[in-house]
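Subject: Structure handover and notes

Dear colleague,

I am passing the structure on to you with this message, and my notes on it follow below. Please read them with the structure open beside you.

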Amino acid sequence: IIGVSVVVLGGVLIAGSNSRSSMEKLSASFTGDDATVVADSAVHWHPKLSIVINGQPRDIPTDIGIGASFAATPFYDTMMGMSDVHTHEAGGTLHWEVMQGPIKKGHVRLKAFFDTWGQPFDREHILDKTNGPDGTVSMTVNGEPNSEFEQYVVKDGDQIEIRFE
């Protein structure tokens, strides 16, 4: 029993060390404005995202960023088995859980969620739509127009709506 406990504890410590090492590498890779610290310690935020295409709400799937299929994404935490930004349930609640600080802008830009999801989003694109004769991408945050799009630095409790019309 003691031997098994030592092996399990060792594995947890190694996984935690690898997770911290990956996070440190990711954090060190941020440059310019992305390297600006927004929180000294961990964050656990819950912004809400809705996407409306030509008047029709689009579902934001459950379990984006959770499980081994997301391990290659830049914000994946091997110890937690999920990306720093992920979904658990339907309805568009994003879970931003960065377990180690300092937290930099690059961790909490809206782009991080779309990168994890593997979907395009910027001032010209949302999902399978591109600005043109069929419509234009727009975004509001907490009911106010916002032109930062993928560069928007998300905050806890934000209500983000992206429209293509």
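Does Lys111 count as buried, exposed or partly exposed, and at what relative accessibility? Lys111 counts as partly exposed, because its relative accessibility is 36%. Please keep in mind throughout that this is a predicted model.

Salt bridges

Lys111 is a convenient place to begin, since its side chain meets that of Asp115 in a salt bridge, with 2.8 Å from N to O. Both residues belong to helix α2, which spans residues 110–117, and because they are four residues apart there, about one helical turn separates them. Asp115 is likewise partly exposed, with a relative accessibility of 33%.

A search of the whole structure gives four salt bridges, and among them are two that involve Arg163. With Glu161, Arg163 forms a salt bridge in which the closest N and O atoms are 3.4 Å apart, while the side chains of Arg163 and Glu165 meet in a salt bridge at 2.9 Å, again from N to O. Glu161, Arg163 and Glu165 are thus linked in a network of salt bridges. As for accessibility, Arg163 counts as partly exposed at 23%, Glu161 counts as partly exposed at 26%, and Glu165 is partly exposed with a relative accessible area of 47%. As general background, side chains of opposite charge can pair when their charged atoms come close.

The five-stranded sheet

Arg163 also leads into an open sheet of five strands, whose order is β4-β3-β15-β13-β14 and whose pairing is mixed. The edge strands of this sheet are β4 and β14 (144–145), each of which pairs on one side only. Within the sheet, β3 and strand β15 (residues 159–164) run parallel and are joined by six bridges, and Val52 stands opposite Arg163 in β15.

The loop between β3 (48–53) and β4 (56–58) holds Asn54, which is not a glycine and yet has a positive phi of about 45 degrees. Asn54 is partly exposed, its relative accessible area being 43%.

The three-stranded sheet and the aromatic cluster

A second place to look is an open sheet of three strands, in the order β10-β11-β12, with antiparallel pairing. Here the edge strands are β10 (121–122) and β12 (129–130), each pairing on one side only. Two bridges pair β10 with strand β11 (residues 125–126) in the antiparallel sense, and the bridge partner of Phe121 in β11 is Ile126.

Leu127 lies in the loop between β11 and β12, and its phi is near 50 degrees, a positive value in a residue other than glycine. Leu127 is buried, with a relative accessible area of 11%, whereas Asn54 is partly exposed. Most residues other than glycine have a negative phi, so both positions may be worth a look in your viewer.

Phe121 appears again in the aromatic contacts, where ring pairs link Phe113, Phe114, Trp117, Phe121 and Phe149 into a cluster. The structure holds five aromatic pairs.

Strand β8 and its partners

Strand β8 (residues 95–98) sends His95 and Glu97 one way and Trp96 and Val98 the other way, and all of these residues are buried. In general terms, the side chains of a regular strand alternate between the two faces of the sheet. On β8, three bridges make the join to strand β2 (residues 43–45), and the two strands run antiparallel; the bridge partner of Trp45 in β8 is Trp96. Strand β7 (residues 85–86) is joined to β8 by two bridges, also in an antiparallel arrangement, with His86 standing opposite His95.

A nonpolar surface patch

Finally, Met79, Met80 and Met99 form a nonpolar patch on the surface, and together they have about 280 Å² of accessible area. Of these residues, Met79 sits in the loop between β5 (76–77) and β6 (82–83), and it counts as partly exposed at 48% relative accessibility.

With best regards

Methods. Residues numbered from 1 in each chain as written. Predicted model: local features only at pLDDT ≥ 70, side-chain atom pairs only at ≥ 80, totals over all residues. Heavy atoms only, no water. Buried < 20%, exposed > 50% of the residue type's maximum accessible area, 1.4 Å probe, protein only. Pairing = 2+ DSSP bridges. Phe/Tyr/Trp six-rings, centres within 6.5 Å; stacked < 30°, edge-to-face > 60°. Patch = residues over 30% accessible without salt bridge, like charges linked within 9 Å, V, L, I, M, F, W, Y side chains within 5 Å. Areas by Shrake-Rupley, 256 points an atom, 1.4 Å probe, with all protein chains shown as cover.
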